[in-house]
Amino acid sequence: MDFKSDFAVCRYIEMEVEKFNLFDAVRKFDILVLGIKKCKNCGRVLPVEKFRRVNGQFHNPYYLGHCKECEYKYQRGYLEEKNKIEFSDGLEILIGRQNKETKPERILDISKISIIPLGTDEIFAIVNDG
């Protein structure tokens, strides 16, 4: 049996079942006999290998209602939303640097050397390599 004939059989069964209102029986028939299932998200009829099989609370195995592709898209969206960092407008990130106080006797006199400081708050200290 090819996939088109399986789909035709599945559609025929769905039409017959609508008359008798036996939707649960059809879903079990699709999975067990035909090996196909309909995704609740995208609506495609796919083989059961495209659905994740999990064990229930009492170790009763079942297939999830959405296919692996839809599950992946949902997980990616969830993780992106969860890991998103939003800043309010005009917020500046300031990194506070904590430096030790430099003792006045260790400050180097720049006027005696040919070093030109880049900033007004730069201080050169003498290093004691004892």
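**Salt bridges**

I searched this predicted model for salt bridges and counted 3.

I looked at Glu69 and Arg44, whose side chains meet in a salt bridge with an N to O distance of 3.2 Å. I then placed the two partners: Glu69 belongs to helix H3 (residues 68-82), while Arg44 sits in the loop between strand S1 (36-38) and strand S2 (45-47), so this pair ties together parts that are 25 residues apart in sequence. I looked up the exposure of each partner. Glu69 is partly exposed at 43% relative accessibility, and Arg44 is partly exposed at 34%.

I turned next to Glu71, which forms a salt bridge with Arg52; their closest N and O atoms are 2.9 Å apart. Helix H3 holds Glu71 and strand S3 (residues 51-55) holds Arg52, so the pair ties together parts that are 19 residues apart in sequence. Is Glu71 buried or exposed? I find Glu71 buried, because its relative accessible area is 15% and the limit for that class is under 20%. Its partner Arg52 counts as partly exposed, with 38% relative accessibility.

I noted Glu81 and Lys84 as a further salt bridge, with 3.5 Å between the closest N and O atoms. Glu81 counts as exposed at 51% relative accessibility, whereas Lys84, at 45%, counts as partly exposed.

**Cysteines**

I searched the whole structure for disulfides and found 0. Why does Cys42 have no bond to Cys39? The closest cysteine sulfur to that of Cys42 is in Cys39, and I read a separation of 3.5 Å, which is too far for a bond; a disulfide would require the sulfur atoms to be within 2.5 Å. I also checked Cys70, which is in no disulfide; the nearest cysteine sulfur, that of Cys67, is 3.5 Å away.

I looked up accessibility for Cys42 and Cys70 as well. Cys42 is partly exposed, at 36% relative accessibility. Cys70 is buried, with a relative accessible area of 10%.

**Aromatic rings**

I searched the whole structure for aromatic pairs and found 0. I then asked which residue lies over the face of Phe51. I find Lys37 there, at 5.9 Å from the ring centre. For the record, I add the positions of the strands: strand S1 covers 36-38, and strand S3 covers residues 51-55.

Terms used
Residues numbered from 1 in each chain as written. Predicted model: local features only at pLDDT ≥ 70, side-chain atom pairs only at ≥ 80, totals over all residues. Heavy atoms only, no water. Phe/Tyr/Trp six-rings, centres within 6.5 Å; stacked < 30°, edge-to-face > 60°. Lys NZ or Arg CZ within 6 Å of the ring centre and 35° of its normal. Buried < 20%, exposed > 50% of the residue type's maximum accessible area, 1.4 Å probe, protein only. Salt bridge = Lys/Arg side-chain N within 4 Å of Asp/Glu carboxyl O. Helix = DSSP H or I, 4+ residues; strand = E, 2+ residues; numbered from the N terminus.
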